[in-house]
Every structure is written in C-alpha cells, then in structure tokens.
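Me: I have a model here and want the reasoning behind its labels. Take me through them one at a time.

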Amino acid sequence: MTSRNVLGFATRCVHAGQNNDPTTGAVMTPIYATSTYAQSSPGVHKGFEYARTQNPTRMAFERCIADLEGGTAGFAFASGLAATATVLDCLDKGSHIVVGDDVYGGTYRYLEKVHRPSGAADARFVDLSGHPDQLWEQLTDRTRLVWFESPSNPNLKPLCSVPSATPTAPAAPNATTTSAAPTTLAGTPSVQASESAPSADDADGCRTVN
Ligand SMILES: Cc1ncc(COP(=O)(O)O)c(C=O)c1O
C-alpha cells in the first residue's frame, strides 16, 4: 500500500518514499554527492555502482513524486526537456501525437525541429481548451499520445475535460508539481518540470508512470 492511501498530500510531499537512512538513521534522506560507490570485488556492491544509474537521494525523490502523482514509478532527469524527450522517444516511428497549440516553446521546437525531421512522430497542434470534440476529431489509429499542459504555457489556457476513456496515453507536463495526478489514468505518463531545483545536479524534471 502506498502512503497516498493513509497520509495527506502535505505530509506525503515531505515523507512519501522516504526511509530512515540506513547508515545514520537520519529521518530525511541525506544528499549523496558521491559519483562512485565502493565494491568489495568487481560487480559486488550494495546495489549502488555509479551515480548516473543509482543515487539514494534521487531515488527518494523519484519515489516521492511517483507517490504524489499516484503512479508506481518516477524517473528524475536533469531538466524538464530531458524528461520530455524521453517520453517522446518512447514512440514508434510514424506515431501521431496531438499537442496543445500553445505548448511550451522548447517542447514545440523539440517536436518540430528534432522529432519531425527524423520522421519519429507527427505532431498535430490543436486548441485543447475548448470542447472535447476538438480532441476527438484529431485522434487516428496511429495516435499514441495526447500532450497537454495544465494549464498551458504561456497562455494559461485550461484543458478541456478529457474523458478517461481516451484510447491513447495522454502526457501532462506541468511547470510545477501538481496534485492533478494525470497518472491516475491507466498507462499515462506525467511530466513535471521544476524551476526551483537548488542545484544543477538536482533533478529538474521528472516523469512518472503507472
Ligand atoms: C511546461 C514546461 N515544460 C518543460 C519545460 C522545460 O524545463 P527545463 O527548462 O528544465 O528543460 C518548462 C520550463 O519552463 C515548462 O514550463
């Protein structure tokens, strides 16, 4: 059972996914600044080899954000666009994506200047703030993703009500962590971009999935 079943949102923001530090008993996960971890012999270690692949601080953050989003796993990235690119790169060549028409400029440029020229995906930009029919009319048998921001960036347009029966995986990037929890829709990745990370080494983008 995850903590969302028993604890309030504010408490989960602080404690979800956290365990007492096994070395000292510290209640909050310390910041591990190491890049490598000791191995008793090559390949024999405590589950941590190198910071790019495992870092206890990052893993605590990933568990916390997954819990807040109602997902089962979180993946932290050094930037929001790194998280965005990872979600988009999961799509097969030739997939269709329906995208809000005032999506974040970096996302628009990634889709138009990187993804489209490589033939990876065909993005269709639509006003998703109006009637849900505007979304439904764009869906094809090759639509694999509906990409919306809630609210949109920069115009803060609200999102139309998306029925949970949407036959694709909606992806919902947000400028801040949210309790909107789009991950509660089956198979839905959610992307969070945080502008207030304390250092460049800390996660600035996170993807959660269920
Ligand atoms: C909605 C949204 N997506 C993605 C990003 C990109 O985040 P980053 O600058 O960390 O790559 C931002 C940044 O403002 C954003 O607002």
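Me: Why does Phe-61 count as buried or exposed, whichever it is?

Reply: This is a predicted model. Phe-61 has 20 C-beta neighbours inside 10 Å. The cut-off for buried is 20 or more. Phe-61 therefore counts as buried. Phe-61 lies in helix 2. Its C-alpha is 9.8 Å from that of Cys-13, at a sequence separation of 48 residues.

Me: What makes Thr-53 buried or exposed?

Reply: Again, the neighbour count. Thr-53 has 7 C-beta neighbours inside 10 Å. Exposed requires 12 or fewer. So Thr-53 counts as exposed. The residue sits in the loop between helix 1 (9-15) and helix 2 (56-68). Ser-35 is 18 residues away in sequence, and the C-alpha to C-alpha distance from Thr-53 is 9.8 Å.

Me: Why is helix 3 called oblique to helix 4?

Reply: Helix 3 (residues 80-89) packs on helix 4 (residues 105-115) at about 45°, with the axes 11 Å apart. That angle falls outside the ranges for roughly parallel (under 35 degrees), roughly perpendicular (65 to 115) and roughly antiparallel (over 145), so helix 3 is oblique to helix 4. The crossing is right-handed.

Me: Which residues make the contact between helix 3 and helix 4?

Reply: Helix 3 supplies Leu-81, Thr-84, Ala-85 and Leu-88. Helix 4 supplies Gly-106, Thr-107, Tyr-110 and His-115.

Me: How do the residues of that contact divide into nonpolar, polar and charged?

Reply: Four are nonpolar and four are polar. None is charged. Tyr counts as nonpolar, Gly as polar.

Conventions. Residues numbered from 1 in each chain as written. Predicted model: local features only at pLDDT ≥ 70, side-chain atom pairs only at ≥ 80, totals over all residues. Axes fitted to C-alpha atoms, helices over the stretch in contact; angles between N-to-C directions. Helix = DSSP H or I, 4+ residues; strand = E, 2+ residues; numbered from the N terminus. Left-handed = near helix turned anticlockwise from the far one by under 90°. Contact = placed C-beta atoms within 7 Å.
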